[in-house]
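Hi everyone, thanks for making time. I'd like to walk you through a structure that's probably new to most of you, so stop me whenever you like.

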Amino acid sequence: RYGRGELIRLFLHAASIPYTDRFYAWPWEESLDFEFSPTHVLPVVVIDGVNYTSHVGSLRYFARKLGRMGGETAEEVYFLEQVDDVYLDWVGKWATTVSKDPAAIKAYEAKKPVLFRAFEEYLSNANLRKVIPNIKPGPFYLGTEMTYSDIAVYHAVHNDGSLWSLFKEGQYPHLKALCTAIEEAPGIMEYLTEKKDMHLH
């Protein structure tokens with residue numbers, strides 16, 4: 001539904017950073033050269049003539065430059081990167097389904113419950129969360145601080161499209177709370193209001 005570029009947009013709105021979109025026709029590989037995007041993959045964020053080409057790597061870098069939304073301590077950064085690993089596993093599986101290949105869809109559906117359960121466990125499992133002591137209770141992976149990893153997980157839930165019905169059944173309660181908090185966050189709320197089709201409910 002929405003690719004990697006939408007994750008970048010959500011982060012920029014959450015951080016109140018203005019941007020200008022440039023879209024490429026599909027298949028965009030024909031419009032890109034290796035100097036612009038070494039892997040011929042979008043999105044590419046261009047700032048002052050510098051290209052940033054890894055969507056999660058870019059978000060980590062932007063968070064560090066901002067001094068927020070990326071964890072402060074080594075333990076917090078480590079914890080978020082565990083979540084990122086699950087997200088990258090998810091996006092790799094999900095991207096294969098865009099072609100509508102039945103085998104790819106079957107493989108994604110088989111793996112999906114494990115990945116979303118992992119997202120939930122990193123939010124709720126006290127043993128896993130011991131690495132970040134004294135964290136304040138809240139809906140996000142770092143408690144009360146929204147990070148790029150929270151936005152990435154929201155993006156995964158939204159793109160999958162099937163979890164809201166499970167939320168209503170009481171499944172993944174912590175993941176539901178995270179997604180609700182993301183949708184109510186300043187910057188993101190205004191953006192989603194403009195794009196009504198993006199709300200989970």
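I'll go from the whole chain to a few helices, then a pocket, and finish with some single residues.

One thing up front: this is a predicted model. Okay, the overall picture. The protein chain has 8 helices and 2 strands. If you walk along from the N terminus, the order of elements is α-β-β-α-α-α-α-α-α-α. So you meet a helix, then the two strands, and after that it's helices to the end.

How much of the chain is buried? Of the 201 residues, 42% are. The accessible surface comes to about 10800 Å², and carbon and sulfur atoms account for 56% of that. Now look at contacts between residues with a separation of 6 or more: 62% of those join residues 24 or more positions apart.

Let's zoom in on helix H5, residues 148-160. It has 13 residues and spans 18 Å from first C-alpha to last, close to the 18 Å you'd expect at 1.5 Å a residue. And how many of its residues are buried? 13 of 13, so H5 is mostly covered. Just after H5 comes Gly161, with a positive phi of about 80°.

Next, helix H7, residues 173-183. Its buried residues are Leu175, Leu178, Cys179, Ala181, Ile182 and Glu183. What do they pack against? Four helices: H4, H5, H6 (163-168) and H8 (188-194).

You can see part of that from the H4 side if you pick out Leu123. Leu123 sits in H4, which covers residues 102-124. Is Leu123 buried or exposed? Its relative accessibility is 9%, so Leu123 counts as buried. Leaving out residues up to four places away in sequence, Leu123 touches Arg129, Pro139, Phe140, Tyr141, His174, Leu175 and Leu178. Two names there should ring a bell: Leu175 and Leu178 are among the buried residues of H7. As for Phe140, it is 17 residues from Leu123 along the chain, and their C-alpha atoms are separated by 7.2 Å.

Over in H8, have a look at Met189. With 35% relative accessibility, Met189 counts as partly exposed, because that value falls between the 20% and 50% cut-offs. Again leaving out residues up to four places away, Met189 touches Glu183 and Glu184. Glu183 is another of those buried H7 residues. Met189 also has a distant partner to compare with: Leu10 is 179 residues away in sequence, yet the C-alpha to C-alpha distance is 9.9 Å.

Now the pocket. The second largest one has a volume of about 190 Å³. Which residues line it? Thr73, Glu75, Glu76, Val131, Ile132, Pro133, Asn134, Ile135, Lys136, Leu142, Thr144 and Glu145. That lining divides into 5 nonpolar, 3 polar and 4 charged residues.

Last topic: backbone angles. As a rule, most residues other than glycine have a negative phi. With that in mind, here are two residues to look up.

The first is Met69, in the loop between helix H2 (55-66) and helix H3 (74-95). Met69 isn't a glycine, but its phi is positive, about 70°. Met69 is also buried, since its relative accessible area is 4%.

The other is Tyr172, in the loop between H6 and H7. Its phi is positive too, about 50°, and again we're not looking at a glycine. Is Tyr172 buried or exposed? Buried, because its relative accessible area is 8%.

That's my tour. If you open the model afterwards, I'd begin with H7 and the helices its buried residues pack against, H4, H5, H6 and H8. Happy to take questions.

Definitions and conventions:
Residues are numbered from 1 along each chain as its sequence is written. This is a predicted model: local features need pLDDT of at least 70, side-chain atom pairs count only at pLDDT 80 or more; totals for chains, interfaces and linings use all residues. Side-chain values use heavy atoms; hydrogens and water are left out. Buried means under 20% relative accessible area, exposed over 50%, partly exposed in between (1.4 Å probe, protein chains only). Contact means heavy atoms within 4.5 Å. On a 1 Å grid over the protein atoms alone, a cavity is a set of points where a 1.4 Å probe fits but cannot get out, and a pocket is an open set with protein on both sides within 12 Å along at least five of seven lines; lining residues have an atom within 4 Å of a point. Grid points are joined across faces, edges and corners, and a volume is the space filled by probe spheres set on the points. Ala, Val, Leu, Ile, Met, Phe, Trp, Tyr, Cys and Pro count as nonpolar, Asp, Glu, Lys and Arg as charged, and the others, Gly among them, as polar. The expected span of a helix is 1.5 Å times one less than its number of residues. Accessible areas come from the Shrake-Rupley method with a 1.4 Å probe; for residues, only the protein chains shown count as cover.
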